[in-house]
Amino acid sequence: MSDKIWSSKKDFQELLLSIVEPLKPYYSEEKARLVLGVTATNYDRKAETMEAFSRPLWGLVPFWAGGGTEAGFEEIYRLGLVAGTDPTGDEFWGGFHAFDQKFVEMAAISYGLILTPGKLWDPLSDREKERLADWLYGINQYELPVCNWILFAVLVNVALMKLGRKYDAGKLEKYLQGVEEFYLGDGWYQDGDSGQKDYYVSFAIHFYCLFYARVMGEEDPERCRIYKERAMLFGKTFIYWFDEDGAALPFGRSLTYRFAQVSFWSACLMAGVYPYPVEVIKGLIVRHMQDWLKKPVFDRDHILTIGYAYPDLVMGERYNGPGSPYWSLKTFAFLMLPDDHIFWSAKPAPMPALEKVKLIPYADMLMSVYDGHNTAYVPGRYSPAGHGQSQAKYGKFAYDTRFGFHVARSCFELHEAAPDSMLAFCINGYTYVRRICEDFTVSEDKVISSWSPYPDIQVETTVIPESWGHRRIHRIVSNVECEAYDCGFGIASDPDDGYEAGTEEGAAWAKNRYASCEVTGEYMDDAGEWLLEPGVVIDADPNTNLLYPKAVIPAVKYRIMEGVTVIETFVRAQWNRLDYWKALTKRI
């Protein structure tokens with residue numbers, strides 16, 4: 001499957017079915033629950049199994065809307081919707097409370113009721129329809145978090161309106177106005193009051209707005225026009241988050257949703273929006289799916305796992321349940337396109353020519369396009385209300401499509417902290433890194449941030465992209481003497497891939513057949529002399545790197561003195577895309 005170049009509608013339909021078919025044995029007796037594992041979330045078990053039930057609809061609904069048929073799933077979802085919304089039944093999903101996860105999962109059900117009422121609504125009895133509509137209306141009785149969640153209520157109310165049922169017109173308009181408060185410019189939103197700009201801009205806010213534009217063009221033409229225009233603008237810079245072989249930037253939260261990273265482009269096709277020619281969009285989608293399906297993201301029963309490039313609970317958020325990864329099926333939105341749409345006959349095209357260095361001001365990001373991989377340089381701005389590993393997902397100096405990043409297992413040992421692309425201070429047995437920056441500037445040639453890892457230490461970091469990687473200049477004002485490690489990218493350390501590493505004064509390096517990272521550096525003492533300290537190769541704990549289960553981090557150690565210390569570090573990174581694909585093919 002992973003070597004296939006999907007092109008026709010039948011190809012993509014078969015791909016979807018190959019992903020969802022293994023789910024069938026795990027639906028409950030009355031089909032309202034899907035039990036895929038035993039790991040827990042911050043919401044209750046009933047909501048977890050309801051989430052797992054709902055999320056396959058992100059793929060099945062466009063499959064049905066585009067003419068696909070699969071009698072087994074049609075029956076499962078007809079029965080499940082009835083049982084889940086019957087208060088007298090054993091599999092009733094239950095009532096609601098503030099911040100209820102079930103509000104999230106209503107979006108996929110509403111998607112289906114709008115696009116495929118013949119599958120999910122028309123077969124129900126009058127009483128069953130009443131129960132389903134009343135249960136969905138429950139979202140209007142609660143105030144939703146000020147983030148992408150408000151769009152779940154938009155989808156629910158649009159569905160109820162189109163079905164001729166009671167809906168809340170006031171809430172619908174309120175939440176649509178709320179989206180305007182998130183808008184920044186150049187097509188970019190922030191995810192509500194968090195201030196974060198991550199994949200929720202693409203696979204949530206833009207996705208739902210483009211779906212709204214597809215189904216509400218007659219009722220709300222001006223708003224739909226605006227949503228399409230913004231998507232056109234957004235696509236021109238969001239494309240920098242993908243490298244020439246289709247890999248997307250691992251950055252931010254909810255990375256276990258994996259190939260939902262490309263779902264913005266699917267939503268563009270759904271809404272008839274083309275930031276780039278159809279051939280380019282198709283090429284991006286095809287390469288992205290090929291890249292993902294070469295990775296071990298399924299378990300032995302072919303169930304999607306929590307993790308990124310492999311099963312990995314260390315990187316997850318508190319809201320990642322066994323069924324959560326099926327949000328990735330949003331990518332299949334293009335299956336609703338008619339059989340004669342140009343997408344199906346288009347030949348996948350390579351990426352368009354991109355600028356080598358690109359400022360994306362409303363994303364607080366400076367992108368560099370290298371041979372075979374893209375790097376994002378960011379200041380470390382994100383919400384203090386994290387969901388898990390936020391400092392690793394937003395706070396590093398650099399994120400890369402091919403090197404991935406590490407998450408910390410603890411802050412006690414350097415190898416457990418695994419602080420790739422960070423300046424890590426070791427004080428009294430603890431490791432301190434940049435969390436949320438206090439001030440920053442992102443310009444066309446550098447990223448400057450001010451931050452404090454520890455009460456007695458203040459740092460100003462300047463990151464400058466170069467043709468060979470990037471340069472970091474840290475000005476440190478400290479009231480304590482300590483050690484600090486300026487760390488490069490993680491490098492997979494599998495001996496079968498030719499892994500080697502080494503150190504010398506002021507330098508450390510690690511490489512394998514397809515990737516290398518070298519870190520060199522020096523610092524200035526009180527007399528104005530530049531000094532060298534030993535290089536270090538940190539043997540990071542297993543399963544801390546998102547892309548590679550075993551990885552090391554080259555770094556340079558510095559002595560931080562009381563007063564002012566100035567550090568200059570050079571991170572040189574190379575990627576050999578051809579050798580990577582050869583190595584990966586051998587393991588499949």
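In the predicted model, a salt bridge joins the side chains of Asp486 and Arg472, with N and O 2.7 Å apart. Asp486 belongs to strand β13 (residues 482–487) and Arg472 to strand β12 (residues 469–478), so the pair links distant parts of the chain, 14 residues apart. Burial applies to both Asp486 and Arg472. Over the whole structure, 35 salt bridges were found.

A second salt bridge connects Glu173 with Arg223, at 3.0 Å from N to O. Because Glu173 is part of helix α9 (residues 169–182) and Arg223 part of helix α11, this contact ties together parts that are 50 residues apart in sequence. The two ends of the pair are set in unlike surroundings: Glu173 has a relative accessibility of 34% and counts as partly exposed, whereas Arg223, with a relative accessible area of 14%, is buried. The value for Arg223 falls in the buried class because it is under the 20% limit.

Arg402 and Asp291 also form a salt bridge, their closest N and O atoms being 3.0 Å apart. Arg402 is located in the loop between β6 and α16 (414–417), and Asp291 in helix α13 (residues 278–293); the pair therefore ties together parts that are 111 residues apart in sequence. Both Arg402 and Asp291 are buried. These two residues also take part in a network of salt bridges with shared partners, whose members are Asp243, Asp291, Lys295 and Arg402. Lys295, a member of this network, has its charged end over the ring of Trp292, 5.5 Å from the ring centre.

Not every buried charge is paired in this way. Lys129, in helix α7 (residues 126–137), is buried but has no salt bridge. For Lys129, the nearest side chain of opposite charge is that of Asp126, 4.7 Å away. This residue pair does not count as a salt bridge because the distance of 4.7 Å exceeds the 4 Å limit. When neighbours within four places in sequence are left aside, the contacts of Lys129 are Trp121, Asp122, Leu124 and Arg165.

Aromatic pairs number 61 in the structure. One of them is formed by Phe251 and Tyr399, with ring centres 5.0 Å apart and planes at 75 degrees, so the arrangement is edge-to-face. Phe251 is found in the loop between α11 (221–238) and α12 (263–271), and Tyr399 in strand β6 (residues 398–400); the pair therefore ties together parts that are 148 residues apart in sequence. Phe251 and Tyr399 are both buried. The rings of Phe334 and Phe343 form a tilted pair, with 5.1 Å between the centres and 45 degrees between the planes. Phe334 and Phe343 are likewise buried. The ring of Phe343 also lies beneath a charge: the charged end of Lys282 sits over this ring, 5.1 Å from its centre.

Strand pairing was examined around β17 and β21. Strand β17 (residues 515–524) pairs with strand β16 (residues 507–511) in the antiparallel sense, over five bridges. The two strands are joined by a hairpin through three residues, and Trp509 stands opposite Glu518 of β17. Strand β17 also pairs with strand β18 (residues 530–531), again antiparallel, through two bridges. Here Met524 stands opposite Trp530 in β18. The hairpin formed by β17 and β18 has five residues between the strands, and in its turn Gly528 has a positive phi of about 85 degrees.

Strand β17 has a further antiparallel partner in strand β21 (residues 563–575), with 10 bridges between them. Within this pairing, Gly521 has Thr569 of β21 as its bridge partner, and Tyr523 is matched with Ile567 in β21. Strand β21 is also joined to β12 by 10 bridges, and these strands run antiparallel. Ile476 has Thr565 in β21 as its bridge partner. Strand β12, which pairs with β21, is the strand that holds Arg472, the partner of Asp486 in the salt bridge described at the outset.

Note on methods. Residues numbered from 1 in each chain as written. Predicted model: local features only at pLDDT ≥ 70, side-chain atom pairs only at ≥ 80, totals over all residues. Heavy atoms only, no water. Helix = DSSP H or I, 4+ residues; strand = E, 2+ residues; numbered from the N terminus. Buried < 20%, exposed > 50% of the residue type's maximum accessible area, 1.4 Å probe, protein only. Lys, Arg positive; Asp, Glu negative; His and termini not counted. Contact = heavy atoms within 4.5 Å. Phe/Tyr/Trp six-rings, centres within 6.5 Å; stacked < 30°, edge-to-face > 60°. Lys NZ or Arg CZ within 6 Å of the ring centre and 35° of its normal. Pairing = 2+ DSSP bridges.
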